Amino acid sequence: MKKIAITGVIASGKSEVCKIIESLGEEVIYTDKINNELLNDKDYQQKLSLIFPNCIKNDKVDKSLIRQEILQNDDKRKALNSLAHREIKLKVEKIMQKINKKTIFVEIPLIVESNMVEYFDEIWCVVTDYNTKVDRIIKRDKVTEKDAEKIIAAQKKDNELIAISNKIIHNNGNLNKLEEEVKELVCTTIK
């Protein structure tokens, strides 16, 4: 089985690329979805509360509280990443064992931080310009421009992900162009 990672910084358009890949009949595993499932798991919540003691309210994880804490405390960000990435990797491996396809795609934003670069046969990086990222984060997460910039600053830079990638997908807002680029990549990769 060929394993292809779809990565990129926040608000680059990874999910849009993955939707296009799925529309072509290919399998995509979304690590963000796995993370959201973990946030509803009681055992995981217990582990999370060791890092963020006040993050569980009414059996739900307060993601905004965690976001604020990791923007202010790099040690907590690293602890969260260590916990989450370990659990997510285990779930990705279990899901892959159940899929009977020659190629599988995995949307994985934090590929370097999760120590999964070597796990994949290919890495495709989705990139977009800075202002587009800021605008997307403000609209999607309902945060201020300053917070959107902090979120971007806390992550890897595009050039760091480009350096480890086999393919670069440019996503600056033209959906038709993006679809053409992704379809061509998928078709040439899956031959």
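This passage describes the salt bridges, the pocket and cavity, and several individual residues of a predicted model.

The predicted structure contains 10 salt bridges, of which the one between Lys47 and Glu87 has its closest N and O atoms 3.0 Å apart. Because Lys47 belongs to helix H3, which covers residues 42-51, and Glu87 to helix H5, which covers residues 74-98, this pair ties together parts that are 40 residues apart in sequence. The two partners of this bridge can also be described by their accessibility: Lys47, with a relative accessible area of 37%, is partly exposed, whereas Glu87, at 16% relative accessibility, is counted as buried.

Further salt bridges are found within helix H5. Asp74 is paired with Arg77, and the closest N and O atoms of this pair are 2.7 Å apart; both residues lie in helix H5, where a spacing of three residues corresponds to about one turn of the helix. Asp74 is partly exposed, its relative accessible area being 37%, while Arg77 has a relative accessibility of 18% and therefore counts as buried, the limit for that class being under 20%. Asp74 also forms a salt bridge with Lys78, for which the closest N and O atoms are 3.4 Å apart. Lys78 and Asp74 are four residues apart in helix H5, so that about one helical turn separates them. Lys78 is partly exposed, with a relative accessible area of 47%. Through salt bridges that share partners, Asp74, Arg77 and Lys78 are joined into one network.

A charged residue without such a partner is found elsewhere in the chain. Glu26 is located in the loop between helix H1 and strand E2, the latter comprising residues 27-30. Although Glu26 is buried, it has no salt bridge, and the nearest side chain of opposite charge, that of Lys101, is 4.2 Å away. Since a salt bridge requires the nitrogen to be within 4 Å of a carboxyl oxygen, the distance of 4.2 Å to Lys101 leaves Glu26 without one. When residues up to four places away in sequence are not counted, Glu26 is in contact with Ile21, Lys101, Thr103, Phe105, Val186 and Ile190.

The largest pocket holds about 1,300 Å³ of space. This pocket is lined by 40 residues, and those closest to its centre are Ile10, Asp32, Asn35, Leu110 and Gln155. Two or more residues of the lining are given by each of helix H1 (14-23), helix H2 (31-39), H3, helix H4 (63-72), H5 and helix H6 (130-141). By residue class, the lining of the largest pocket consists of 18 nonpolar, 11 polar and 11 charged residues.

In addition to the pocket, a search of the whole structure finds one cavity of 30 Å³ or more. The largest cavity has a volume of about 40 Å³, and its lining is made up of Gly8, Val9, Pro109, Leu110, Ile111, Val112, Glu113, Gln155, Lys156 and Leu161. Six of these lining residues are nonpolar, two are polar and two are charged. Leu110 and Gln155, which line the largest cavity, are also among the residues closest to the centre of the largest pocket.

Backbone geometry draws attention to two loop residues. Ala11, a residue other than glycine, has a positive phi near 65°, and its place is in the loop between strand E1 (2-7) and helix H1. With 7% relative accessibility, Ala11 counts as buried. Asn58 likewise is not a glycine and has a positive phi, in this case of about 55°; this residue is found in the loop between strand E3 (56-57) and strand E4 (60-61). In terms of accessibility, Asn58 is exposed, with a relative accessible area of 76%.

Finally, Ile138 provides a view of helix H6, in which it lies. Ile138 is partly exposed, its relative accessible area amounting to 27%. Apart from residues up to four places away in sequence, which are not counted, Ile138 touches Val143, Thr144, Glu145 and Ala148. Ile138 and Asp75 are separated by 63 residues in sequence and, from C-alpha to C-alpha, by 25 Å in space.

Notes:
Residues are numbered from 1 along each chain as its sequence is written. This is a predicted model: local features need pLDDT of at least 70, side-chain atom pairs count only at pLDDT 80 or more; totals for chains, interfaces and linings use all residues. Side-chain values use heavy atoms; hydrogens and water are left out. Buried means under 20% relative accessible area, exposed over 50%, partly exposed in between (1.4 Å probe, protein chains only). On a 1 Å grid over the protein atoms alone, a cavity is a set of points where a 1.4 Å probe fits but cannot get out, and a pocket is an open set with protein on both sides within 12 Å along at least five of seven lines; lining residues have an atom within 4 Å of a point. Grid points are joined across faces, edges and corners, and a volume is the space filled by probe spheres set on the points. Ala, Val, Leu, Ile, Met, Phe, Trp, Tyr, Cys and Pro count as nonpolar, Asp, Glu, Lys and Arg as charged, and the others, Gly among them, as polar. Lys and Arg count as positive and Asp and Glu as negative; His and the chain ends are not counted. Contact means heavy atoms within 4.5 Å.
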